[in-house]
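Student: I should like to understand how the terms used for a binding site are justified. Could we work through them on an example?

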Amino acid sequence: MKNIEWSSLTFGYMPTDYNVRCYYRNGKWGEVEVCSDEYLKLHMAATCLHYGQEAFEGLKAYRCPDGKVRVFRVEANAERLQNTSRGIVMPEVPTELFTEMVKKVVRLNQEFIPPYESGASLYIRPLLIGTSAQVGVRPAEEYCFLIFVTPVGPYFKGGFCANPYVIVRDVDRAAPLGTGMFKVGGNYAASLRANRRAHEQGYASEFYLDAKEKKYVDECGAANFFGIKNDTYVTPKSSSILPSITNKSLMQIAEDLGMKVERRPISEDELDSFEEAGACGTAAVISPISHLDDMDTGKVYNFGEKPGPWSTKLYNTLRGIQYGTVEDKHGWTTVVIE
Ligand SMILES: *Cc1c(COP(=O)(O)O)cnc(C)c1O
């Protein structure tokens with residue numbers, strides 16, 4: 001293993017030895033290339049630079065207590081990227097190619113996979129971009145699909161804890177019929193202003209209501225929302241939220257643990273009735289919400305200063321599956337290194 005101070009890792013970028021790339025030209029994907037260069041040579045008129053033909057994914061590889069390295073629901077990430085490709089008119093990366101490249105890049109950089117005890121993991125970042133020149137607004141003819149990895153620290157350095165969020169009304173990350181359900185950089189560009197302000201005000205993240213009516217709950221920055229009441233896991237249904245694989249997994253686990261699960265519109269008023277609430281995504285699994293401030297109305301929704309019992313149980317179960325210590329009865333993990 002590399003000589004890295006695993007315990008001081010954050011969610012930043014650290015160079016690793018290799019990335020893997022595959023190019024789409026003349027209507028087909030080429031051979032997978034292993035590359036040690038961190039830079040891309042790009043045409044200045046590439047569509048990714050001008051017209052946002054850019055999509056990404058995010059997943060993690062975990063060094064487990066049994067010594068194996070596992071990745072979590074890699075096929076689901078492949079399918080989501082395919083859906084995003086259809087959304088912004090890019091060629092689809094076949095699931096087999098996606099999975100092969102994920103395995104390859106993890107194995108090539110195995111010295112960078114943090115030890116289990118550190119709580120850190122290897123973040124995997126697939127990226128698909130339009131690379132050929134275009135000045136008129138049209139999709140590119142050529143694309144580059146690449147995957148790099150970088151070790152990242154545990155999200156909760158001082159242990160699993162709850163954080164405050166703030167409702168924003170003056171910025172939307174996505175339009176109701178826009179690209180909110182696709183994992184594209186453009187949604188992130190749209191959210192940076194609100195995100196920076198929320199951080200400056202001491203919040204973990206900004207919190208979006210639906211763009212049309214500002215009446216229903218959408219997302220917690222770049223994470224999905226869930227609320228819990230009466231042993232029921234409730235998560236929003238909306239045309240502008242990103243289908244989180246963590247959320248999808250939590251819905252299944254909630255059901256397995258005997259909870260009821262509801263996916264439906266959640267009005268802002270209903271927030272008052274939740275006993276627990278959280279943001280969910282690959283980075284933190286669950287980031288419990290202590291309170292949610294609505295600065296326009298002065299309303300504060302409280303969900304508890306400490307993670308609630310259901311959130312804790314869901315978090316421990318999902319982490320356990322990822323680390324191979326809880327039975328993986330849905331076949332979600334793939335062993336990449338035995
Ligand atoms: C990636 C992402 C999520 C979380 O998805 P996971 O698959 O659970 O990591 C949630 N919201 C947005 C906007 C995202 O881009």
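The dialogue below takes up the ligand contacts, the pocket and the cavity.

Tutor: This is a predicted model, in which local features need pLDDT of at least 70, side-chain atom pairs count only at pLDDT 80 or more, and totals for chains, interfaces and linings use all residues. Residues are numbered from 1 along each chain as its sequence is written, and side-chain values use heavy atoms, with hydrogens and water left out.

Student: What makes the approach of Lys183 to the ligand a polar contact?

Tutor: A polar contact is a pair of N or O atoms within 3.5 Å. A polar side-chain atom of Lys183 lies 2.6 Å from a ligand oxygen atom, so the pair qualifies. In the side chain of Thr282, an N or O atom is likewise 2.6 Å from an oxygen atom of the ligand.

Student: Why does the backbone of Ala222 count too?

Tutor: One of its backbone N or O atoms lies 3.4 Å from a ligand nitrogen atom, and the limit is 3.5 Å, so this pair also counts.

Student: Where does the ligand sit?

Tutor: The ligand sits in the largest pocket, which means that more than half of its atoms lie within 2 Å of the pocket's grid points.

Student: How many cavities of 30 Å³ or more does the structure hold?

Tutor: There is one, and the largest cavity contains about 80 Å³ of space. Its lining includes Tyr62, Phe72 and Thr282, and β5 gives the most to that lining, with three residues.

Notes. A polar contact is a pair of N or O atoms within 3.5 Å; within protein, one must be able to donate a hydrogen and the other to accept it, and residues adjacent in sequence count only if both atoms are side-chain atoms. On a 1 Å grid over the protein atoms alone, a cavity is a set of points where a 1.4 Å probe fits but cannot get out, and a pocket is an open set with protein on both sides within 12 Å along at least five of seven lines; lining residues have an atom within 4 Å of a point. Grid points are joined across faces, edges and corners, and a volume is the space filled by probe spheres set on the points. Helices (H or I, at least four residues) and strands (E, at least two) are DSSP runs, numbered from the N terminus.
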